[in-house]
Amino acid sequence: MKPDILLETKDLSVVFPLKKETMFEKRKYLRAVSGVSLEIHRGETFGLVGESGCGKSTFANTTLGLQKMSGGTVIFDGLDLGKAGKKEARETRLRMQKVFQDPAASLNPRFTVFQAVSEPMRIRGTFDREEIRERTREMIRAVGLGEEDLKRYTSEFSGGQQQRIAIARALMLRPDYIVCDEPVSALDVSVHAQILNLLMEMQRQTGVTYLFISHNLAVVRRICSRLAIMYGGRIVEYGDADRIFANPLHSYTKALLSAELPLGKEEARERMQPEEYRKEPVGELTEAEENHWVARPPDGGDLKKSEK
Ligand SMILES: Nc1ncnc2c1ncn2[C@@H]1O[C@H](COP(=O)(O)OP(=O)(O)O)[C@@H](O)[C@H]1O
Ligand SMILES: [Mg+2]
């Protein structure tokens, strides 16, 4: 069966101009995202994994239209976002949402829960008050809070509860696509499972598609059906999560999986610098087995072995 593709990027690149040290210096550029081609299927949780600074958020923001692309294409539900008219692009954007890493920073502390959760519907301007109240109540219950919480300020809640509020808010306009950018990284470990379960439950109820960003493979393993491993702005491995976990092909993926790499923290980053896999070239993605692509050349004989 052909997969139902919600979002597709082709050869997507984002380049940032760097500050010049002196006025005579030639301007240098940073390639944050480089030639990324991915397909995200409707209704799935697609994982994007990689160390801090590898380009995950920049990629995701480009799919949301929040970051300008330097090259390539983003196609959302059949619409080429780069070529879409203003009105089409705006309407498409209403079908997309984002859940941030830090819920406290993503919620206005002077808002009550009701104000925070209902805001997307109020801004939209096409709903009447009763409808807004009804859906806000419904949504706040769906994420595991009570109606009595609607009057309290968002700042009165714990991190985990604030993330529930942020998830309720993201779901208000019944989006097709939500970028979850490290949605549990800033939260206490004790609430990770609850928030992940909530995201999965909301997906079951609404059919929403997630692009789930994480530097934590254990988290991704729990909830993603397919994933891409990003490294230095490129995709080094891509495909069915089960296949990648069972048979990692690129040495970078192997290093991640073997937990040689504690990811995400600054010290980890430093420690990673001189490692061998950093020098491994990242080539074109080629299909190594069904639904499993790797950027050649991966490390030596291993690919041959797995190809048999
Ligand atoms: N607006 C920007 N201007 C310049 N450089 C940026 C900007 N946003 C991100 N970068 C750089 O692009 C790279 C990728 O960043 P990012 O996408 O945030 O990575 P990740 O989400 O994987 O941690 C980093 O080197 C970062 O410093
Ligand atoms: Mg990021």
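This is a short dialogue on how to read a predicted model.

Visitor: How many helices and strands are in the protein chain?

Guide: This model is predicted, so keep that in mind throughout. The protein chain has 12 helices and 12 strands. Of its 308 residues, 39% count as buried.

Visitor: What share of the contacts with a separation of 6 or more joins residues 24 or more positions apart?

Guide: In the protein chain, that share is 68%.

Visitor: Why look for a nonpolar core?

Guide: In soluble globular proteins, nonpolar side chains tend to be buried together. Here the largest nonpolar core holds 75 residues. The members that touch the most others are Leu48, Ile167, Ala168, Leu211, Leu227, Ile229 and Ile235. Helix α6, residues 159–171, gives the largest share of this core, six residues.

Visitor: Where does this core lie relative to domain 1 and domain 2?

Guide: It lies between them, because both domains give residues to it. Domain 1 covers 5–95 + 175–307, and domain 2 covers 102–174.

Visitor: Which residues is isoleucine 167 in contact with, leaving aside neighbours within four places in sequence?

Guide: Isoleucine 167 is in contact with Val99, Val143, Leu198, Leu199 and Met202.

Visitor: Now the ligand. Which residues surround ligand 1?

Guide: List the shell, then ask which elements supply it. Around ligand 1 are Phe16, Leu30, Ala32, Gly50, Ser52, Gly53, Cys54, Gly55, Lys56, Ser57 and Thr58. Two elements give two or more residues each to this shell: β2 (29–41) and α1 (56–63). The largest share, three residues, comes from α1.

Visitor: How many residues of that shell are nonpolar, polar or charged?

Guide: Four are nonpolar, six are polar and one is charged.

Visitor: What sign does phi have in most residues other than glycine?

Guide: Most residues other than glycine have a negative phi. Aspartate 77 has a positive value, near 45°. Asparagine 291 also has a positive phi, of about 55°, and is not a glycine.

Visitor: Where do aspartate 77 and asparagine 291 lie?

Guide: Aspartate 77 is in the loop between β4 (71–76) and β5 (79–80). Asparagine 291 is in the loop between β11 (285–289) and β12 (292–295).

Visitor: Why does asparagine 291 count as partly exposed?

Guide: Count the C-beta neighbours. A residue is buried at 20 or more within 10 Å and exposed at 12 or fewer. Asparagine 291 has 15 C-beta neighbours inside 10 Å, so it counts as partly exposed. Aspartate 77 is partly exposed too, with 15 other C-beta atoms within 10 Å.

Terms used
Residues numbered from 1 in each chain as written. Chains lettered and ligands numbered in written order. Predicted model: local features only at pLDDT ≥ 70, side-chain atom pairs only at ≥ 80, totals over all residues. Core = buried A, V, L, I, M, F, W, Y, C linked by C-beta atoms within 7 Å. Helix = DSSP H or I, 4+ residues; strand = E, 2+ residues; numbered from the N terminus. Domains from an automatic or database assignment. Contact = placed C-beta atoms within 7 Å. Near = placed C-beta within 6 Å. Nonpolar A, V, L, I, M, F, W, Y, C, P; charged D, E, K, R; others polar.
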